[in-house]
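The following exchange asks how each label attached to a structure is justified. Each reply sets a value against its definition.

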Amino acid sequence: MQPWPWYVSGALIALIMFIMLFFGKSFGFSSNLRTLCTMCGADKYAPFFQFDWKTQSWNLFFLVGAGLGGYLAANFLTVDDYTVAISESTITDLSALGFSTPEGFVPASQFGSEAMGETKNIIILALGGLMVGFGARYAGGCTSGHAISGISNLQPASLLAVVGFFIGGLLMTHVLFPLIY
Amino acid sequence: MKNIKFLIAGTLFGIIMFKSEAASWYRIQEMFRFQAFHMYGIIGLAVALGVPMVAIIKAKKIKDFAGGQIVFTPKAWSIPRYLIGGTIFGLGWALSGACPGPIVVNIGAGYAGYFIVLIAAVFGTFLYGLLKDKLPH
């Protein structure tokens, strides 16, 4: 199966939001990270994690489903020799930073198992994840909670959070990437 | 098992994130370089449909499947919380090429590196919980 165009994808994301509302829940993924902390015993260290994580188990099922969906899509719903077809200008910019021509879904040089032995790469992955987890909870939500659910509910706070997402993303891409890579 | 429906919704979400390529590091780079409409189209259309959806649910007082009121919790306004927190999130989004949902989608798709990203994201949330009272909100 070929990748889906933006208009199919955007409509289906709105459908997911509707399904979650219809199920009596709100669409927000990063809350799971807090739940995982509590399950690992973080409630002993900070009151922020003192809640009954079982009330959030529905969202953990959603998380496991997301992983399962990724597995199914990558293994059974994709054409052979699949590569994400990004624009020529992006390919040019990335090659100037030392990335090889796109291959697959994400660069294997950074996310593939063969790249797990490189210290610099591990630091990049760990720092990226650290900022995603810290920032999502500080901002009270991630892309699903703010950019989709929050803006759909016309929340100024969510709009500001998305402005922040872009300030950070642009800073990383245009200022820090040339220093890192 | 009442949670199975969330597993199915999550699976659908995972497939959408992969097939839309919204979980692709390449697409996130393209987005932050403004070199294609793709990601803007996806998020823009989701919001363009989401705004009237929420408005109709509120106006018609549409109930959820169990007959309960669908509630929307307003988010308390604050500048530092959303601006600083959002900026830190954005730095991580661009560096790892994935927001929280797509991190898990990529693990499912078989990219081992995202397992490190996930563990670090859980740890980042833990750090926030420890420092919460010292941060401007």
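Q: Why is A:D93 called partly exposed?
A: In this predicted model, A:D93 has a relative accessibility of 26%. Buried means under 20% relative accessible area, exposed over 50%, and partly exposed in between, with a 1.4 Å probe and protein chains only. A:D93 is therefore classed as partly exposed.

Q: What supports the numbering and the values used here?
A: Residues are numbered from 1 along each chain as its sequence is written, and chains are lettered from A and ligands numbered from 1 in the order in which they are written. The model is predicted, so local features need pLDDT of at least 70 and side-chain atom pairs count only at pLDDT 80 or more, while totals for chains, interfaces and linings use all residues; side-chain values use heavy atoms, with hydrogens and water left out.

Q: What makes the pair A:D93 and B:R33 a salt bridge?
A: A salt bridge is a side-chain nitrogen of Lys or Arg within 4 Å of a carboxyl oxygen of Asp or Glu. For the side chains of A:D93 and B:R33 the N to O distance is 3.5 Å, so the definition is met. Side chains of opposite charge can pair when their charged atoms come close.

Q: Why does the pair A:D93 and B:R33 join two chains?
A: A:D93 lies in helix α4 (residues 88-96) of chain A, whereas B:R33 lies in the loop between α2 and α3 (38-59) of chain B, so the pair joins two chains. Helices (H or I, at least four residues) and strands (E, at least two) are DSSP runs, numbered from the N terminus. The count between chain A and chain B is 1 salt bridge, and the structure holds 3 over all chains.

Q: Is B:R33 buried or exposed?
A: B:R33 has a relative accessible area of 12% and is therefore buried.

Q: What makes B:E21, B:R27 and B:E30 a network?
A: B:R27 forms a salt bridge with B:E21, the closest N and O atoms being 2.8 Å apart. B:R27 also forms one with B:E30, at 2.7 Å. The three residues B:E21, B:R27 and B:E30 are thus linked through salt bridges.

Q: Where do B:E30 and B:R27 lie in relation to each other?
A: Both are in helix α2 of chain B, 3 residues apart, about one turn of the helix.

Q: How do you know whether B:R27 and B:E21 are buried or exposed?
A: B:R27 has 8% relative accessibility and therefore counts as buried. B:E21, at 2%, is buried as well. B:E30 is also buried.

Q: Why is B:S24 called buried?
A: Its relative accessibility is 0%, so B:S24 counts as buried. B:S24 is in the loop between α1 (4-19) and α2 (25-32) of chain B. Contact means heavy atoms within 4.5 Å; leaving aside residues up to four places away in sequence, B:S24 touches A:V84, A:F105, A:V106 and B:G97.

Q: Why is A:D43 called partly exposed?
A: A:D43 has 29% relative accessibility and therefore counts as partly exposed. A:D43 is in the loop between α2 (31-39) and α3 (57-76) of chain A. Not counting residues up to four places away in sequence, A:D43 touches A:T38, A:F49 and A:Q50.

Q: What makes helix α7 of chain A largely enclosed?
A: In α7 (residues 143-152) of chain A, 10 of the 10 residues are buried, so the helix is largely enclosed by the rest of the structure. Its buried residues, including A:H146 and A:I148, pack against α1 (6-22) and α8 (156-180) of chain A together with α3 and α4 (79-96) of chain B. The helix is followed by A:L154, whose phi is positive, near 55°.

Q: How many residues does each chain bring to the contact, and how much area is buried?
A: The contact takes 124 residues from chain A and 108 residues from chain B. Buried area is the accessible area (1.4 Å probe) that two parts lose on being put together, summed over both. The two chains bury about 10200 Å² between them, with 79% of it on carbon and sulfur atoms. A:W6, A:F105 and A:Y138 supply 9% of the area that chain A buries against chain B, more than any other three residues.
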